[in-house]
Amino acid sequence: LEAELIIATGHSQSASRLAVYLNSIHPLELIYDGVMVHGGGGRIRDDQDTKIFKIMAETDMVRRAAQPQPNSDTFVQWEIAGTSHADYDFEIEYSRLRLLRDGLPVSEAEARDVGCDISAHSRIPFRDPFNAAFEHLVKWIREDIRPPSAEPLQVSRMMPEVVFARDEYGNVLGGIRLAEHVVATATNTGMNNSATNRFCFLYGSHEPFDKKTLDRLYPSHNSYVEAIRGVVEQNLEDGYILPFAAAKTIREAEASTIGRR
């Protein structure tokens, strides 16, 4: 079979190496029709015909927000508010792999206590806009329909280090704002630290709101579900998520105990 499209992709360290390849090697011979860079990589030259989509978690922008790269005819970047480089979904998949390795049922998958200063692993689902981004990239290549743009994360200070603007609960402002972030039930960030685990800075954090705060924000279960539904529908209309992710988010809100008395 002959390939119709060839798309290169890389995450984290692989994203950084892919960016180097795009800047130095790929212009010599345009092998790839499109590229998806996620979770890493510096500024990428956009003077080539290849379509380049870059999607970043909040964690990933700490070292890059001070040197933003504008969108162009061949480059688009999304930044997803409240997400971490290695989030809760990542952790659960990693748990399933360990269980498979050990011959144990994957139904026992759970997040580890990784010893970070703050409860680890953001619950904001990076995978939802990530899946949408791939759909947009394919359409961009085949039909030359550019993906929708998105606002960057808001920065309150650039020097001596980047500090993001946050709301009263500590959740970052700006960026693509998923329903789980806007209709918040916790503080979810891309930040964390630890004196004993050097990977904690990748995991982000998750600090659930107390019951008093939840009751004040969502006086009824229906008010919570409708708030979720409103943001989901807007994200779907904007092209930041796919229909199956929208339906899943609403189902999870309906099944939750938020606002129930």
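The expected span of a helix is 1.5 Å times one less than its number of residues. With that yardstick in hand, let us walk through this structure, which is a predicted model.

Helix α1 runs over residues 13-24 and has 12 residues. From its first C-alpha to its last it reaches 17 Å, close to the 16 Å expected. Which residues of α1 are buried? They are A15, L18, A19 and L22. Viewed down the axis of α1, these buried residues fall within an arc of 105 degrees, so they line one face of the helix. A general rule helps here: an α-helix has 3.6 residues a turn, so residues three or four places apart point the same way. On the other side of α1, Q13, R17 and V20 are exposed. The cover over the buried residues of α1 includes strands β1 (7-11), β2 (34-38) and β3.

Strand β3 also takes us to the largest nonpolar core, since β3 is one of the elements giving two or more residues to that core, along with β4, α3 (127-143), α7 (221-238) and α8 (243-255). This core has 37 residues, and its largest share, 6 residues, comes from α3. Within the core, the residues with the most contacts are I55, W78 and Y224. Leaving aside residues up to four places away in sequence, I55 touches M36, V37, H38, G39, W78, I80, F126, P129, F130 and A133. Apart from this core lies another, of 10 residues, and A15, L18, V35 and V37 are among them. As a general background, nonpolar side chains in soluble globular proteins tend to be buried together.

Now for the aromatic rings, of which the structure holds 7 pairs. In general, a pair of aromatic rings is described by the distance of the centres and the angle of the planes. Why does the pair of F53 and W78 count as edge-to-face? Planes over 60 degrees apart count as edge-to-face, and the planes of F53 and W78 stand at 85 degrees, with the ring centres 5.0 Å apart, so the pair fits that description. The pair links distant parts of the chain: F53 lies in strand β3 (residues 51-57) and W78 in strand β4 (residues 75-80), 25 residues apart. F53 is buried, with a relative accessible area of 0%, and W78 is buried with a relative accessible area of 0% as well. Together with Y240, F53 and W78 form one aromatic cluster.

One more ring deserves a look: the charged end of R98 sits over the ring of Y94, 4.6 Å from its centre.

Notes. Residues numbered from 1 in each chain as written. Predicted model: local features only at pLDDT ≥ 70, side-chain atom pairs only at ≥ 80, totals over all residues. Heavy atoms only, no water. Phe/Tyr/Trp six-rings, centres within 6.5 Å; stacked < 30°, edge-to-face > 60°. Helix = DSSP H or I, 4+ residues; strand = E, 2+ residues; numbered from the N terminus. Buried < 20%, exposed > 50% of the residue type's maximum accessible area, 1.4 Å probe, protein only. Lys NZ or Arg CZ within 6 Å of the ring centre and 35° of its normal. Arc of directions from axis to C-beta. Contact = heavy atoms within 4.5 Å. Core = buried A, V, L, I, M, F, W, Y, C linked by side-chain atoms within 4.5 Å.
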